[in-house]
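User: I have a model open and would like to go through it with you. Could we start with the ligand and then move on to other parts?

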Amino acid sequence: MASDIGIAPTPMAATPDAAPAREVVLAVENFGLSLSGVSSGRNLVDGVSLSVARGETLCIVGESGCGKSITALGLMGLLPPVAQITSGTAMFEGRDLFRLTDRQRADIRGSRMAMIFQEPMTSLNPAFTIGNQIAEGIRRHRAMGKAEARSLALEMLRRVRIPAPEKRLDAYPHQLSGGMRQRAMIAMSLANDPQLLIADEPTTALDVTIQAQILALVRRLQDETGTAMILITHDLGVVAEVADQVAVMYAGRIVESGPVDAIFADPQHPYTIGLMGSVPSLGRRAGRLATIPGTVPPADRMPAGCRFAPRCPFAAPRCTAEAPPAQLVGPDHRAACWFAPLELHAGGPA
Ligand SMILES: Nc1ncnc2c1ncn2[C@@H]1O[C@H](COP(=O)(O)OP(=O)(O)OP(=O)(O)O)[C@@H](O)[C@H]1O
Ligand code: SF4
Ligand SMILES: [Mg+2]
């Protein structure tokens, strides 16, 4: 059963002195998901709540196996047959994505919402030219003739700054470099002006210089279009570079969320602190750690209570008995730890 440790979506700002109102594009509440025959009665993704607004980038960060991709696939309606959504709502343009038919989801995918993956070859068809694939994606969702769709495809290749775009239009995916394929993928995903782009480790497979170029490109396009973006990464450098909001995921739950500055300046969950390479000493910082000892629990062995307890230096009996709810630890900043906010427990947990 889903526990309620999730992070409530931020309401639209209301006061005149506050930052401009967020125009929430996607609001997910209490999302739970299990894998039949695998997650043995416990949700794999559990109580996940998050929101992303127009023009904003939400980074979901966590170690390998934390459930980032399966969460994204659930939101996109691309789950493998073994996965079932067990709870929650995902409001997007006035409709709950979790209650749409497969047909309705397919209509939204590639038009109102788009996704880019780590390896563009998983989405690009090796048998068709780049131009054909972008044009097809456009024509699937818009009443547009072939010539018009082709010229829009060319325009998209220009916008993602692919060199010699006229030539690339007739190239096959294998004729492009990894960086260019990712640019082509971005062109395809943005061709129908989506409200929301979900990018799952879009630069991980690329070398560092190309990574930086692709991130700069995505940021520029986002500025131009106002597209909301969920960017999945395990790279804190990328988070620092592009995030407005951050959700830290551990073992299928959001353990901490908030504005990027607050997460970096004042991490409040022992897992976040560990990820950042600091020894979590409640109330003070000491030393540096490269990795957190232990491993993420596999999907079929999710611990009871706080899922981080087996690796947490502060685990107390209460932690393994009961999942900690998300506590407000600062403006729009929440942490799901029994000892948050840490300043209140500077002497150490009881
Ligand atoms: N189709 C599937 N069948 C069985 N288990 C799965 C399936 N997809 C994901 N899992 C399990 O769900 C958990 C979360 O996987 P997921 O791919 O979402 O992690 P991730 O955070 O994206 O990791 P990475 O950073 O390595 O991409 C893992 O334990 C994984 O083994
Ligand atoms: S609830 Fe307990 S085990 Fe979980 S992170 Fe906090 S101190 Fe650690
Ligand atoms: Mg993944």
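Analyst: Let us begin with the backbone around the ligand, keeping in mind that this is a predicted model. A polar backbone atom of C66 is 3.2 Å from an oxygen atom of ligand 1, and for G67 a backbone N or O atom lies 3.0 Å from an oxygen atom of the ligand.

User: What about the side chain of K68, how far is its N or O atom from an oxygen atom of ligand 1?

Analyst: That distance is 2.8 Å, between an N or O atom in the side chain of K68 and an oxygen atom of ligand 1. As for burial, ligand 1 taken alone exposes 630 Å², of which the protein buries 65%.

User: Which residues come nearest to ligand 1, and which helix gives the most to the shell?

Analyst: There are 15 residues around ligand 1, and those that come nearest are S64, G65, K68, S69 and I70. Helix 1, which covers residues 68-76, gives the most to this shell, with 3 residues. By residue class, the shell around ligand 1 divides into 7 nonpolar, 5 polar and 3 charged.

User: OK, switching to empty space. How much of it lies in the largest pocket?

Analyst: The largest pocket holds about 630 Å³ of space. It is lined by 27 residues, and the closest to its centre are S123, Q133, G137, R140 and M188. Two or more lining residues come from each of strand 6 (113-116), helix 3 (130-141), helix 4 (146-159) and helix 6 (178-190).

User: Which of those gives the most, and how does the lining divide by class?

Analyst: Helix 3 gives the most to the lining of the largest pocket, with 9 residues. The lining of that pocket divides into 11 nonpolar, 10 polar and 6 charged residues.

User: And closed cavities, how many are there of 30 Å³ or more?

Analyst: The count comes to 4 cavities of 30 Å³ or more. The second largest cavity has about 90 Å³ of space and is lined by 14 residues, with C306, C312, C319, C337 and W338 lying nearest its centre. The lining of this second largest cavity divides into 13 nonpolar residues, 1 polar and no charged.

User: Let's do sheets. In what order do the 4 strands of the open sheet run?

Analyst: The order is 2-1-4-5, and the pairing in this open sheet of 4 strands is antiparallel. Strand 2 (45-53) and strand 5 (95-96) stand at the edges, and because each has a single partner strand, one side of each is left without a neighbour in the sheet.

User: How many bridges are there between strand 1 and strand 2?

Analyst: Strand 1 (residues 24-35) pairs with strand 2 in the antiparallel sense over 6 bridges. Within these strands, L33 stands opposite V45, the latter being in strand 2.

User: Last topic, backbone geometry. Which peptide bond is cis, and which residue has a positive phi although it is not a glycine?

Analyst: As background, most residues other than glycine have a negative phi, and most peptide bonds are trans. The bond from A340 to P341 is cis, with omega near -5°, and P341 has its place in the segment after strand 14 (333-335). The residue with a positive phi is E201, at about 50°, although it is not a glycine.

User: Where does E201 lie?

Analyst: E201 lies in the loop between strand 7 (196-200) and helix 7 (208-225).

Definitions and conventions
Residues numbered from 1 in each chain as written. Chains lettered and ligands numbered in written order. Predicted model: local features only at pLDDT ≥ 70, side-chain atom pairs only at ≥ 80, totals over all residues. Heavy atoms only, no water. Near = heavy atom within 4 Å. Polar contact = N/O pair within 3.5 Å; in protein donor to acceptor, adjacent residues only side chain to side chain. Areas by Shrake-Rupley, 256 points an atom, 1.4 Å probe, with all protein chains shown as cover. Nonpolar A, V, L, I, M, F, W, Y, C, P; charged D, E, K, R; others polar. 1 Å grid on protein atoms, 1.4 Å probe; cavity = no way out; pocket = protein on both sides within 12 Å on 5 of 7 lines; lining within 4 Å. Points joined across faces, edges and corners; volume = space filled by probe spheres on them. Pairing = 2+ DSSP bridges.
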